Amino acid sequence: MNLQAADYSGKNILVVDDTPDNIRYLSTLLAAEGYTVRKALNGQKAIKACQATPPDLILLDIMMPEMDGYEVCQQLKSDELTSHIPVIFLSALDDVFDKVKAFEIGGADYVSKPFKGEEVLIRIQNQLALQDAHQKIISLNAKLEMRVQERTQQLEIANQELMQEISERKQLQHQLLHLALHDRLTGLPNRALFAERLEAAIKTAQQEPDYQFAVLFMDCDRFKVINDSLGHSVGDELLVAISRRIEAFLKKGDTLARLGGDEFAILLENISNIDAATKIAQRILQDLAVPFQLSRYEVFINASIGITLGDRECDKPEYLLRDADTAMYRAKAMGKGGYRVFTPAMHQEALQVLQLENDLRRAIERQEFVVHYQPIIALNSGTIAGFEALVRWQHPHRGFVSPAAFIPVAEETGLIADIDIFVLRQACRQLRLWQEQKLTDEPISISVNLSGRHFSQNKIIDEIDKILVETDLLARNLKMEITESALIENGESAQKIITQIRERQIEISLDDFGTGYSSLSYLNSFPVNNLKIDQSFMKQLDGSHQKFGLIPAIIGIARTMGMRAIAEGVETQAQLDLLKELNCDCAQGYLFSKPLNSQLAGNLLAATPHW
């Protein structure tokens, strides 16, 4: 029976999410496929809607106020009227514990945000197919009972028909079991089947003292770039090719599973030591280094792999997956395209990062951030031309937290967007206050860092306009600093937003220039005003002309393209003298001043220093 060929248009789907934008997106997506869509903004409304008219399927958000998705699912599953309705959970959470809990309380499937339309539709189709198959089994059972009663006089014929029905039922059950335990795209075991085999390996280890096994967690690096640039069909073809390539050298009894997206897991059974697992990881990385010849493209890809060793001390499959996942993220952090073996210290560090994330969320609410200001010096006059606004975090218990510790976490979680807006508002307000106090006769500007996260959102321009009106600051006094990687990774969306910023007469500074994808072609594509020379280049200057490095070239590029060059990290007079000799436009660093609080920065400005 071909479960894929069924037409599910008209099926009734209830979307439960407390975010209107998510409901609007899913409703539009499903309606376009012919589904009948109902909506609920919270758990109570969802339960009432199901009791009034049970839907065919529910898309249920986990993180909702008052009643979360887990509680809604538990109530629905405890009610005979609604217990049969398949529930697909929606959540931005991507933790093994959450997914396991979702399945334990009766969830049928799990979709992570941000949504991929094709994935949502396929998972819905899978669940509706399972429902249809289940109904067919019920129908077959009913027919069997009826035929047995009606044909007791024709026992031989009835037995023959019964055997045929049983055969069909077994075939259907086999299809259902395979569908439930295997990935539809690659045919590999899915997360549920992998967890079963992992649990069996744990039991074997507990019974046999010398038995060891290992779990490898693999995530493809830059797969999203391939998927977004070449299309989902190419991405799917690549995932299948990756699966076949890895399967080819695994030994019989080992398990390769696709957990979802571009994540794979491998269970290596009955190994002698951790070296056996690291050799497999090395082999995977070596084989993935060979380009994939797909139907229309040649594609290069690598992966990051985390490894954890299992033995008789292990008792939870999800702990092993968590540890391997943690080690995989450490491999990514170390530069991608490599592997790392899990150590207990990694788990403690992961817990610390999680605590830091929680503290960050509270810090935004409690306004624990402060803005410091580092002067930017115009080298032709030796006076202050402006300030760069830099965020600082004064934790109520841990004291000062280094930006190097919390900025990466803020970037990863998206909290950086709120922090940027806070800094922008404070910096504009402070500059306007200095202007009103007439601390200097010279025009000065304020530079504020803008994360690449804003390029995937549409509200940054509105926020800038709003803050400029609130603070009564002229747009020409504001500069936005953006990193090279943020421009390259966001392409068209970055160009659109930067163009809108420039239309407001706000200058754009390219931060950390020369450390990433430096290219004249993209400098021509973006309306950049200033190139900031990264402080790593300044550290190479020792006062002699022999160690200028790339600094003259960067200054030359800026001058040729009508931009200003700003050197960061200037710490010695010798460095300053060389920059002046090279006709660099501006500089900042500890030679002039460390970042100062608003009071001290105002005092420095009022003192009109010259360098």
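**Exercise 1.** How far is the sulfur of Cys584 from the closest cysteine sulfur, and which residue holds that closest sulfur?

*Solution.* The model is a predicted one.
Step 1: find the neighbour. The cysteine sulfur closest to that of Cys584 belongs to Cys586, at 7.2 Å.
Step 2: apply the cut-off. A disulfide requires the two sulfur atoms to be within 2.5 Å. The 7.2 Å between Cys584 and Cys586 is therefore too far for a bond.
Step 3: check the surroundings. Cys584 has 5% relative accessibility, so this residue counts as buried.
Step 4: widen the search. Over the whole structure, 0 disulfides are found. Cys73 is likewise in none, with the nearest cysteine sulfur, that of Cys50, 10 Å away. With a relative accessibility of 0%, Cys73 counts as buried.

**Exercise 2.** Determine what links Lys532 to Glu388, and where the two residues lie in the chain.

*Solution.* Step 1: take the distance. The closest N and O atoms of Lys532 and Glu388 are 3.1 Å apart, and the two residues form a salt bridge.
Step 2: place the partners. Lys532 belongs to strand β19 (residues 530-533) and Glu388 to strand β14 (residues 383-395), so the pair ties together parts 144 residues apart in sequence.
Step 3: assign exposure. Both Lys532 and Glu388 are buried.
Step 4: extend the set. A network of salt bridges links Glu388, Glu481, Lys532 and Glu568.

**Exercise 3.** Set the salt bridge of Arg24 and Asp21 beside that of Lys332 and Asp221, and give the sequence separation of each pair.

*Solution.* Step 1: start with Arg24 and Asp21. Their side chains meet at 2.6 Å, N to O. Both residues are in helix α1 (residues 20-32), 3 residues apart, about one turn of the helix.
Step 2: turn to Lys332 and Asp221. Here the N to O distance is 2.4 Å. This pair links distant parts of the chain, with Lys332 in helix α11 (residues 317-333) and Asp221 in strand β6 (residues 213-221), 111 residues apart.
Step 3: assign exposure to the second pair. Lys332 and Asp221 are both buried.
Step 4: give the total. The structure has 26 salt bridges.

**Exercise 4.** Locate the largest cavity and describe its lining.

*Solution.* Step 1: count. The whole structure holds 1 cavity of 30 Å³ or more.
Step 2: give the volume. The largest cavity contains about 40 Å³ of space.
Step 3: list the lining. It consists of Leu144, Arg147, Val148, Ala158, Glu161, Leu162 and Glu165.
Step 4: assign the elements. Helices α5 (117-150) and α6 (155-181) each supply at least two lining residues, and α6 gives the most, with 4.
Step 5: sort by class. The lining has 4 nonpolar, no polar and 3 charged residues.

Terms used
Residues are numbered from 1 along each chain as its sequence is written. This is a predicted model: local features need pLDDT of at least 70, side-chain atom pairs count only at pLDDT 80 or more; totals for chains, interfaces and linings use all residues. Side-chain values use heavy atoms; hydrogens and water are left out. On a 1 Å grid over the protein atoms alone, a cavity is a set of points where a 1.4 Å probe fits but cannot get out, and a pocket is an open set with protein on both sides within 12 Å along at least five of seven lines; lining residues have an atom within 4 Å of a point. Grid points are joined across faces, edges and corners, and a volume is the space filled by probe spheres set on the points. Ala, Val, Leu, Ile, Met, Phe, Trp, Tyr, Cys and Pro count as nonpolar, Asp, Glu, Lys and Arg as charged, and the others, Gly among them, as polar. Buried means under 20% relative accessible area, exposed over 50%, partly exposed in between (1.4 Å probe, protein chains only). A salt bridge is a side-chain nitrogen of Lys or Arg within 4 Å of a carboxyl oxygen of Asp or Glu.
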